[in-house]
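Let's take a walk through this protein. Keep the viewer open and turn the model as you read.

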Amino acid sequence: MDFYYKTTSSGCRAVLMTAKSIGVKLNLKSVDFYKKANFASELLQVNPKFNIPTLVDKDIILTEPRSIMIYLLDKYADESHILKPTNVYNEAEINQLL
């Protein structure tokens with residue numbers, strides 16, 4: 001999974017923390033909009049809107065931190081993980097925190 005991010009973005013850091021907490025390894029691609037020698041042109045090819053963060057997992061491209069975190073939890077977290085809710089009320093509380 002490729003993850004295009006900027007270190008100063010709080011949304012990017014939240015995704016990184018979520019991935020780390022569930023043990024998902026991301027292929028990190030730091031994007032610096034002011035330097036030419038980075039992944040900016042590659043990001044533009046997969047995401048014409050040029051949003052940060054951007055997650056590319058095979059055929060899916062997500063560009064919103066909250067949707068990325070929920071996707072990672074739904075797809076990769078096991079059922080016993082603390083961030084994986086067991087009922088609708090816990091899910092609402094976790095989604096609010098995300």
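What follows goes from the overall layout to the sheet, then to the helices and a few single residues.

First, a word on what you're looking at: this is a predicted model. The chain has 98 residues, and 36% of them are buried. If you lay the C-alpha trace along its principal axes, it spans about 45 × 25 × 20 Å. The accessible surface comes to about 6500 Å², with carbon and sulfur atoms owning 55% of that. On the electrostatics side, there are 12 positive and 11 negative charges, and the mean positions of the two sets sit 9 Å apart.

Now for the secondary structure. You should be able to pick out four helices and four strands. Reading from the N terminus, they come in the order β-α-β-α-β-β-α-α. How much of the contact map comes from residues 24 or more positions apart? Among contacts with a separation of 6 or more, such pairs account for 50%.

Let's turn to the sheet. As a reminder, strands of a sheet pair through backbone hydrogen bonds, either parallel or antiparallel. Here the four strands make an open sheet in the order β2-β1-β3-β4, and the pairing is mixed. The strands at the edges are β2, residues 27-30, and β4, each of which pairs on one side only. From one strand to the next, the twist averages 15°.

A good place to zoom in is β3, which covers residues 54-57. On one side it has β1 (residues 2-5), paired in the antiparallel sense over three bridges. Asp2 has Val56 of β3 as its bridge partner, and Phe3 stands opposite Leu55 in β3. Helix α1, residues 10-22, packs on the sheet, where it touches β1 and β2, and its direction makes about 150° with that of β1. Helix α3, residues 65-76, packs on the sheet too, touching β1, β3 and β4; its direction makes about 30° with that of β3.

Back to β3 and its pairing with β4, which spans residues 60-62: that one is antiparallel as well, over three bridges. Leu55 turns up again here, with Leu62 in β4 as its bridge partner. Are the faces of β3 covered or open? Both are covered: Thr54 and Val56 on one side, and Leu55 and Asp57 on the other, are all buried.

The link between β3 and β4 deserves a look too. The two strands form a hairpin with two residues between them, and Lys58 sits in the turn. Check its backbone torsions and you'll find a positive phi of about 55°, although Lys58 is not a glycine. Lys58 counts as exposed because its relative accessibility is 72%.

Compare that with another lysine, Lys29, found in strand β2. Why does Lys29 count as buried? Its relative accessibility is 9%, so Lys29 falls in the buried class, for which the cut-off is under 20%. What's around it? Leaving aside neighbours within four places in sequence, Lys29 is in contact with Asp2, Phe3, Tyr4, Tyr5, Phe39 and Glu42.

The loop between α2 (40-46) and β3 holds a couple of backbone details that a conformer check would flag up for a second look. One is Pro53, which lies in that loop. The peptide bond leading into it from Ile52 is cis, with omega near 0°. The other is Phe50, found in the loop between α2 and β3. Phe50 has a positive phi of about 65° although it is not a glycine. At 27% relative accessibility, Phe50 counts as partly exposed.

Pro53 also offers a way back to helix α1, the home of Ser10. Ser10 and Pro53 are 43 residues apart in sequence, yet their C-alpha atoms are 9.8 Å apart in space. Ser10 counts as exposed because its relative accessibility is 54%, with the line for that class drawn at over 50%.

Notes
Residues numbered from 1 in each chain as written. Predicted model: local features only at pLDDT ≥ 70, side-chain atom pairs only at ≥ 80, totals over all residues. Heavy atoms only, no water. Buried < 20%, exposed > 50% of the residue type's maximum accessible area, 1.4 Å probe, protein only. Contact = heavy atoms within 4.5 Å. Areas by Shrake-Rupley, 256 points an atom, 1.4 Å probe, with all protein chains shown as cover. Lys, Arg positive; Asp, Glu negative; His and termini not counted. Charge placed at Lys NZ, Arg CZ, Asp CG, Glu CD. Pairing = 2+ DSSP bridges. Axes fitted to C-alpha atoms, helices over the stretch in contact; angles between N-to-C directions.
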